[in-house]
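Open the model in your viewer and keep the selection panel at hand. Each stop below tells you what to pick next and what you will find there.

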Amino acid sequence: MTTMETLKNLPSKFSISVPGKVILLGEHSVVYGHLAIAASLNLRSKLEYTCFDELNENDFVHIKLPNIKLDISLSSSDLNHLLTSLSSKNGWDFNNPFNVDFDNLVLGVETFIKSQTKFHGLETQQLLGLKCCLFLMVAILNCPNQPKLAGLKPFLLSLTSDLPVGAGAGSSASFCVSLAAFFVCLASLREEPRVFCLDEKTKDLISNWAFLGERITHGNPSGLDNNVCAFGSLIAFRRPNTITKIPLCSGVRVLLVDTKVSRNTRTLVERVATLKSHHEAIVQTIMKAMESICVEAEKLFKLLDEAKKCHSTEESLSLFSRMEELWSMNHSLLQALGVSHPSLDQIVQMSKKHNLVGKLTGAGGGGFAIVLVPTGKEKALTLLKDELLGCGFGVSDVELGGPGVQLHLN
Ligand SMILES: Nc1ncnc2c1ncn2[C@@H]1O[C@H](COP(=O)(O)OP(=O)(O)OP(=O)(O)O)[C@@H](O)[C@H]1O
Ligand SMILES: C[C@@](O)(CCO)CC(=O)[O-]
């Protein structure tokens, strides 16, 4: 498979891949405008597009989402019905996702889904996935000033992911960025000149569209997840849109530990909002402390990069040990916000026994913990892995900071 940056015409088949993410520091406080640090993961989602040459009225848009066991077909008359359900009277612009009449468009998509008996009985994850997909399709492909949905050739969109759904590894952001990239690509290739270039400006547009999809799954996302999935690498992020790339000369490794406890990001973000409304000053103080941790960590990452470039092992070890102190403090502050879970605390304790430091990542409440893997601690890591596996947790040793959204010709 060839990775491309530019497409000149719409091929009959192509695919898009997008990484997941781990938040290293600053989850939750990032929702309230504080700094956070996150990196892309080498686990990816892959969206495959196949265009049908023969017109099939009953299978005009075929969507396969095997991770949530959803396989649906929309006929051309379903598509017309979907478009007439949209009640937004305001125009919006393909290049300006934030002008979209979000609430009315979502309402239109919901009305359409409810009107179709074939969608009755879908589970929450399936409904959310379908809603995101249809919303991004109509919002991106059917801007009132340049309607592009009508006149499309029938196609199959199939999206599979290596990422566990609902575990804090950014499955929803990776899903939304994949969809947004696909529809932005289709929209661009239907206009003269028919060129789609995956440059930084386009990644920003894709990330902003994906943010609206994230609003459907999460309610009040910070924008961190969609940005890190779109741009990749290791980034420091502040809401609404300040992104700083942090250099990563020789990779940072973490052990991803799966508690196998399912949880829901929207609920956890709401839990923090409730605590904040009850104890505004205290929660603000906790979040300011998280901000200071992230500011310090950003400096440490830069110093680590320099130390690694100079092969200064002693300096690297001392910087890693300061980073571990920050991770430990961040986990305790997240505990104070009520988003940890006994399984996450158990992993942090088990890591401590082996002189390693772990913390929850993402929304918490279950999902994943991450353990920092400094150079030279291989033996401790092997022992910890065995112990974690023995307790029924899942482990994977991952390197952080791979590429963001990519385009592939099959
Ligand atoms: N591969 C996928 N196929 C279809 N839908 C998906 C896929 N991945 C995620 N989703 C959608 O995203 C929702 C999961 O979002 P949620 O935020 O709870 O989990 P997450 O993204 O894994 O966690 P976090 O945002 O904390 O990293 C699912 O309910 C589903 O609707
Ligand atoms: C909990 C949170 O900080 C991370 C979810 O991956 C929410 C967000 O940033 O939108």
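Select Leu79, Leu82 and Leu83 in helix H1, then Leu134, Met137 and Val138 in helix H3; these two sets meet. Keep in mind that this is a predicted model. By class, the contact of H1 with H3 has 6 nonpolar residues, with no polar and no charged ones. Now widen the selection to residues 76–85 for H1. The axes of H1 and H3 lie 11 Å apart, at an angle of about 75°. Angles of 65 to 115 degrees count as roughly perpendicular, so H1 is roughly perpendicular to H3.

**Next: the largest pocket**

Stay with H3, residues 124–141. H3 gives the most to the lining of the largest pocket, with 4 residues. The pocket has a volume of about 850 Å³. Which residues are the closest to its centre? Select Gly166, Ser171, Ser172, His218 and Thr265; of the 49 lining residues, these are the closest.

Now colour the elements that each supply at least two lining residues:

- strand S3, 13–25, and strand S7, 155–161
- helices H3, H4 and H5
- helix H6, 224–231, and helix H7, 265–278

Colour the lining by class as well. The lining has 18 nonpolar, 23 polar and 8 charged residues.

**Next: H4 against H5**

Two of the pocket's elements also pair up. Select residues 171–189 for H4 and 200–218 for H5. Their axes are 8 Å apart, and the packing angle is about 130°. The angle falls outside the roughly parallel, perpendicular and antiparallel ranges, so H4 and H5 are oblique to each other. H4 passes H5 in a right-handed crossing.

Show the side chains at this contact. From H4, pick Ser172, Ala173, Cys176, Val177, Ala180, Ala181 and Val184. From H5, pick Thr202, Leu205, Ile206, Trp209, Ala210, Gly213, Glu214, Thr217 and His218. The contact residues divide into 10 nonpolar, 5 polar and 1 charged. Ser172 and His218 appear here and also at the pocket centre stop.

**Next: three backbone details**

Where does the backbone hold a cis peptide bond beyond H4? Select Glu192 and Pro193: a cis peptide bond joins them, with omega about -10°. Pro193 sits in the loop between H4 and strand S8, 196–197.

Move on to Arg239 and Pro240. A cis peptide bond joins these residues too, with omega about 5°. Pro240 is in the loop between strand S9, 234–238, and strand S10, 242–246.

Then jump to His28. His28 has a positive phi of about 70°, although it is not a glycine. Look for His28 in the loop between S3 and strand S4, 36–51.

**Last stop: H8 against H9**

Select residues 280–309 for H8 and 313–336 for H9. The axes come within 9 Å and cross at roughly 160°. Angles over 145 degrees count as roughly antiparallel, so H8 and H9 are roughly antiparallel to each other. H8 passes H9 in a left-handed crossing.

Which H8 residues meet H9? Among them are Ile286, Met290, Ile293, Leu300, Phe301 and Leu304. On the H9 side, the contact includes Leu319, Phe320, Met323, Leu326, Met329 and Leu333. Glu296 and Lys308 of H8 take part as well, as do Glu315 and Arg322 of H9. In total, the contact divides into 18 nonpolar, 2 polar and 4 charged residues.

Methods:
Residues numbered from 1 in each chain as written. Chains lettered and ligands numbered in written order. Predicted model: local features only at pLDDT ≥ 70, side-chain atom pairs only at ≥ 80, totals over all residues. Heavy atoms only, no water. Axes fitted to C-alpha atoms, helices over the stretch in contact; angles between N-to-C directions. Parallel < 35°, antiparallel > 145°, perpendicular 65-115°, else oblique. Left-handed = near helix turned anticlockwise from the far one by under 90°. Contact = heavy atoms within 4.5 Å. Nonpolar A, V, L, I, M, F, W, Y, C, P; charged D, E, K, R; others polar. 1 Å grid on protein atoms, 1.4 Å probe; cavity = no way out; pocket = protein on both sides within 12 Å on 5 of 7 lines; lining within 4 Å. Points joined across faces, edges and corners; volume = space filled by probe spheres on them.
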